[in-house]
Amino acid sequence: MRPLVKEKAGIFAVLLVITLAVVALKLSRSPPKPALPEPVFNCKAASVWARQFILDESYEAQNALQQIGEAAVPYSIPNLERRDSIFNSAYAKLWPVLPTILKSRLQPPLLSREARMRAVVAFREMGPSARQAVSALMERLRDKDATIRLHSAIALGNIGPDAKAAVPALKPFLKENHTVRVYTAIAIWKIEHNTPETLPVLEQGLQEENAKFRWAAAVFLGEMGPAAEHAIPLLENATKSADKETASCAVQALAQISPGTVPILLETLKDPDPGMRISAAVALGRLGLSAKEAVPDLTALLKDPAMGSPTIMGRGFGQESVSNAAANAIARIDPEAAAKASVK
């Protein structure tokens with residue numbers, strides 16, 4: 001009988017650990033709530049949406065938090081400070097070996113690292129509305145997880161001028177690896193528009209040919225607009241890069257910085273890569289009337305059937321023809337010319 005007793009004792013011990021872990025998990029997922037009344041969106045309170053986003057990172061929950069705006073921030077801040085209890089860690093270790101029937105009745109484990117990361121993402125997407133989270137995000141700049149540190153920097157940048165207190169804490173990140181340097185530079189620029197300090201970092205990032213996120217440096221230079229005019233020669237050189245992702249982003253950045261870059265874009269319309277020709281056409285189209293001199297060259301591409309799928313931020317069309325991109329560009333630049341060419 002002793003083996004049976006030991007077996008039952010073992011089962012009881014496992015069930016006890018699971019029960020305690022579940023209780024701890026529920027407590028860890030129920031942070032202190034700010035004072036009522038609570039803001040509501042689509043019949044659900046802000047705390048419910050905040051908890052849902054931590055659990056499933058769904059677009060629905062993210063949209064709800066954005067719609068509620070600044071009033072939703074206090075309900076997500078506690079998730080930035082989550083720590084794993086002994087029971088929560090034990091629950092995570094037990095989860096892979098639990099019977100399926102138990103798993104169907106329990107929520108999967110959520111470790112604090114994942115909860116903190118999702119809270120940072122929520123604030124990152126909220127932009128200026130997350131201004132109340134500046135201090136909490138600054139704390140996460142010291143998080144042991146590098147990804148959380150990076151996205152906290154991005155979130156602070158998206159908040160903008162209201163995150164000015166974070167600039168001293170962000171500046172040491174300008175000396176880290178390529179990715180962190182580039183994303184931190186644009187974050188600082190969004191906060192205080194310090195061009196002399198941030199522009200050189202992005203220019204250097206654009207020149208590091210083997211960097212994984214080299215394209216991001218081009219994108220961020222474009223976001224700086226006219227303030228990045230000094231980088232035009234570097235971006236022009238990048239349009240000829242074998243790295244087509246970076247080359248396409250450089251084309252788009254040129255159009256964002258100055259209408260004076262039209263001659264460079266016209267040259268790119270002759271690029272042997274159809275994706276680059278499409279990228280140049282899109283960039284010219286976004287310049288509108290400022291790119292009127294490009295209409296003849298774009299008209300010549302109306303018979304170009306080649307297909308391509310360039311990297312263009314904020315635009316996910318997939319593959320399209322050069323002729324279609326040219327037609328759309330003409331329509332945006334000069335509707336009369338488009339009508340004459342029977343462009344719809």
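**Burial and helix packing in a predicted model**

At 4% relative accessibility, L110 counts as buried (under 20% relative accessible area is buried, over 50% exposed and anything in between partly exposed, with a 1.4 Å probe and protein chains only). This is a predicted model, in which local features need pLDDT of at least 70 and side-chain atom pairs count only at pLDDT 80 or more, while totals for chains, interfaces and linings use all residues. Residues are numbered from 1 along each chain as its sequence is written, and side-chain values use heavy atoms, with hydrogens and water left out.

L110 sits in the loop between α6 (100-103) and α7 (112-126). Its C-alpha atom lies 7.6 Å from that of L55, although 55 residues separate the two along the chain. Contacts between distant parts of the sequence are well represented: of the contacts in the chain with a separation of 6 or more, 65% involve residues 24 or more positions apart (a contact means heavy atoms within 4.5 Å).

Overall, the chain has 20 helices and four strands; these are DSSP runs, with helices being H or I of at least four residues and strands E of at least two, numbered from the N terminus. Of its 344 residues, 51% count as buried. The chain exposes about 17200 Å², and carbon and sulfur atoms supply 58% of that area (Shrake-Rupley method, 1.4 Å probe; for residues, only the protein chains shown count as cover).

Turning to the interior, the largest nonpolar core holds 100 residues, among which F123, L137, L156, L221, L235, L284 and L298 touch the most other members. Such a core is a set of buried Ala, Val, Leu, Ile, Met, Phe, Trp, Tyr and Cys residues joined through side-chain atoms within 4.5 Å. In soluble globular proteins, nonpolar side chains tend to be buried together. Leaving out residues up to four places away in sequence, L235 touches L206, A218, L221, A250, A253, L254 and I257.

Two of these partners, A218 and L221, are among the buried residues of α13. Helix α13 is largely enclosed by the rest of the structure, because 10 of its 11 residues are buried. Those buried residues pack against α11 (178-192), α12 (195-207), α14 (232-238) and α15. Between α13 (residues 214-224) and α15 (residues 244-257), the packing angle is about 10° and the axes are 8 Å apart; axes are lines fitted to C-alpha atoms, for helices over the stretch in contact, and angles run from 0 to 180 degrees between N-to-C directions. The two helices are therefore roughly parallel to each other (angles under 35 degrees). At this contact, R214, W215, A218, V219, L221, G222 and E223 of α13 meet E245, T246, C249, A250, A253, Q256 and I257 of α15. Just after α13, G225 takes a positive phi of about 65°.

Positive phi values also occur outside glycine. E57, in the loop between α2 (46-56) and α3 (59-68), has a phi of about 50° and is partly exposed at 36% relative accessibility. H193, in the loop between α11 and α12, has a positive phi near 50° and is likewise partly exposed, with a relative accessible area of 49%. Most residues other than glycine have a negative phi.

As for the cysteines, C249 is buried at 2% relative accessible area, whereas C43 is exposed at 79%. The structure holds zero disulfides (a disulfide being a pair of cysteine sulfur atoms within 2.5 Å).

Definitions and conventions
Parallel < 35°, antiparallel > 145°, perpendicular 65-115°, else oblique.
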